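Hi everyone, thanks for making time. I'd like to walk you through one structure today, so have a look at the screen.

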Amino acid sequence: GRATAKQVDPIAYQNYLRGLELWGTRQDPKNRSGAIEAFQLATSQDPNFADGWAAYGVSMSHSANTDSGMNLELHKATTIQALETAIKLDTENARALAGLGVYFINQEIDIERAKSYLTRALKLAPNSAEVRYAWIGPSIFTGDLSEVRQRFNQAIALDPLNQTVQRVYAEALGAMGDYDGVSVLIENCDSCTKSDKALLAASHYMSARRSGSDDQVRATAAKYNTLLSEYRSFVEASFGNAYVERHLILSSPAFVERLLTGSSIPEQELNALRSIPDESAYFDLPLVLAQIGETDLALNLLGQAYTSDLFDLNWITQPMGRDVWPDTVRRDPRFHAFWQNLGMPELATILREKGKTAGLPLPLKKAD
């Protein structure tokens with residue numbers, strides 16, 4: 001049966017409730033790490049607490065190893081162990097099943113396996129916002145815009161105040177080139193935090209690059225640049241200094257003109273981009289750098305992208321509009337190596353079936 005406060009060690013239960021509260025506001029990285037810690041504590045205080053293990057595994061599956069403070073291998077092993085322990089203790093724990101669905105998108109790519117866990121979770125808990133949210137992963141990786149919208153709307157309807165779901169929705173719409181969709185989210189963002197406003201502006205700029213006019217690219221880049229400068233301390237608190245430095249350049253007039261017209265970028269800005277620390281290489285950075293001719297840097301960072309944040313791979317595996325991989329990159333052995341990583345050949349097959357081939361490798365260059 002379901003765990004109640006009576007059956008669970010009371011101190012473990014307190015830590016579990018504290019973890020849930022922190023997890024609800026996880027767009028603040030300190031709260032995300034705090035939630036993981038609180039859930040871990042609950043499981044050590046009561047090793048038979050199924051929901052404690054499920055919450056621990058779910059929080060880990062949605063997070064990077066930098067959030068748990070573990071190395072990547074340990075983070076993955078711990079996540080799987082927590083979720084499997086939950087299911088051993090409670091075979092119908094929908095939350096743990098959904099967590100395994102998330103794991104096989106975010107931590108290891110096995111889309112069919114993810115879907116089989118998520119299907120079971122949805123049968124057990126059709127009205128769970130958490131299960132609905134977990135289903136978004138496979139849709140973003142392989143789905144079309146209408147499917148992604150539908151899944152997000154289901155999750156948001158069940159948990160309308162969840163800021164994290166709203167933020168990820170904006171990022172997904174940006175990556176899928178839905179300029180009008182992001183515009184609506186911005187209009188409805190009165191109560192957003194400053195950090196969220198900057199992220200919405202980032203998504204708007206991305207959607208403009210992917211589907212808008214040149215004027216829209218220029219306008220959204222300028223707006224993003226302004227907000228980043230204005231809200232700098234808030235964005236840095238969530239994403240760090242390197243993130244802000246990089247995005248100020250990526251939204252600068254010189255960079256935008258380079259993207260749109262091929263004009264040159266000041267050497268100083270190029271050097272600043274080249275010196276970005278590897279661990280802040282997630283999102284669309286490899287793709288953007290490849291477009292301005294920084295091929296070696298782009299391909300090095302592509303290797304990092306596979307290990308650091310699988311959840312955002314759709315930003316680079318489904319390029320659109322002006323965000324394109326040059327053919328020279330798609331013929332490069334390093335690009336081919338990226339597509340040989342675990343789970344990637346299967347993803348390529350699904351994308352091919354859907355006609356989404358713009359991010360897939362082309363035949364290797366013939367040796368001269």
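I'll start with the overall picture, then go through two helices, one threonine and the cysteines.

One thing up front: this is a predicted model. So what is it built from? Helices, basically: the secondary structure comes to 24 helices and 0 strands. The radius of gyration is 21 Å, close to the 21 Å the globule rule gives for 368 residues, so the protein is as compact as a globular protein of that length. If you want a feel for the dimensions, the C-alpha atoms fill a box of roughly 70 × 50 × 35 Å along the principal axes. Of the 368 residues, 54% count as buried. And if you take contacts between residues at least 6 apart in sequence, 62% of them join residues at least 24 apart.

Okay, on to helix H1. That's residues 10-23, so 14 residues in the helix. From the first C-alpha to the last, H1 reaches 20 Å, close to the 20 Å expected at 1.5 Å a residue. Which residues of H1 are buried? They are Ala12, Tyr13, Asn15, Tyr16, Gly19 and Trp23. Those residues cover an arc of only 160° around the axis, which puts them on the same side of H1. Here's the textbook background: an α-helix has 3.6 residues a turn, so residues three or four places apart point the same way. Now flip to the face of H1 turned away from the buried side, and you find the exposed residues Pro10, Ile11, Gln14 and Glu21. What covers the buried residues? The cover includes helix H2 (29-45), helix H3 (50-61) and helix H6 (94-106). Look at the start of H1 too, where a side-chain oxygen of Asp9 comes within 3.1 Å of the backbone nitrogen of Ile11.

A quick stop at Thr85, which sits in helix H5, residues 72-89. Is Thr85 buried or exposed? With a relative accessible area of 17%, Thr85 falls under the 20% cut-off, so we call it buried. A polar atom of the Thr85 side chain lies 2.6 Å from the backbone oxygen of Gln81.

Next up, helix H16, residues 241-250, which is where you'll find Arg246. H16 is mostly covered, with 7 of its 10 residues buried. The buried ones are Tyr243, Val244, Arg246, His247, Leu248, Ile249 and Leu250. As for Arg246 itself, its relative accessible area is 2%, so it counts as buried. What does the Arg246 side chain contact? It makes a polar contact with the side chain of His247, at 3.3 Å. Arg246 is also 9.6 Å from Ser275, C-alpha to C-alpha, with their positions 29 residues apart in sequence. And what do the buried residues of H16 pack against? Helices again: H13 (194-211), H14 (214-230), H15 (232-239), H17 (253-261), H18 (267-274) and H19 (285-291).

Last topic, the cysteines. How many disulfides are there? A search of the whole structure turns up 1. The disulfide joins Cys189 to Cys192, with an S to S distance of 1.8 Å. The angle about the S-S bond is -130°, and the link is left-handed. Both Cys189 and Cys192 are buried.

That's my tour, so over to you for questions.

Key. Residues are numbered from 1 along each chain as its sequence is written. This is a predicted model: local features need pLDDT of at least 70, side-chain atom pairs count only at pLDDT 80 or more; totals for chains, interfaces and linings use all residues. Side-chain values use heavy atoms; hydrogens and water are left out. A disulfide is a pair of cysteine sulfur atoms within 2.5 Å. Buried means under 20% relative accessible area, exposed over 50%, partly exposed in between (1.4 Å probe, protein chains only). Helices (H or I, at least four residues) and strands (E, at least two) are DSSP runs, numbered from the N terminus. The expected span of a helix is 1.5 Å times one less than its number of residues. The arc is that of the directions from the helix axis to the C-beta atoms. Contact means heavy atoms within 4.5 Å. A polar contact is a pair of N or O atoms within 3.5 Å; within protein, one must be able to donate a hydrogen and the other to accept it, and residues adjacent in sequence count only if both atoms are side-chain atoms. The radius of gyration is taken over C-alpha atoms; the globule rule is 2.2 Å times the number of residues to the power 0.38.
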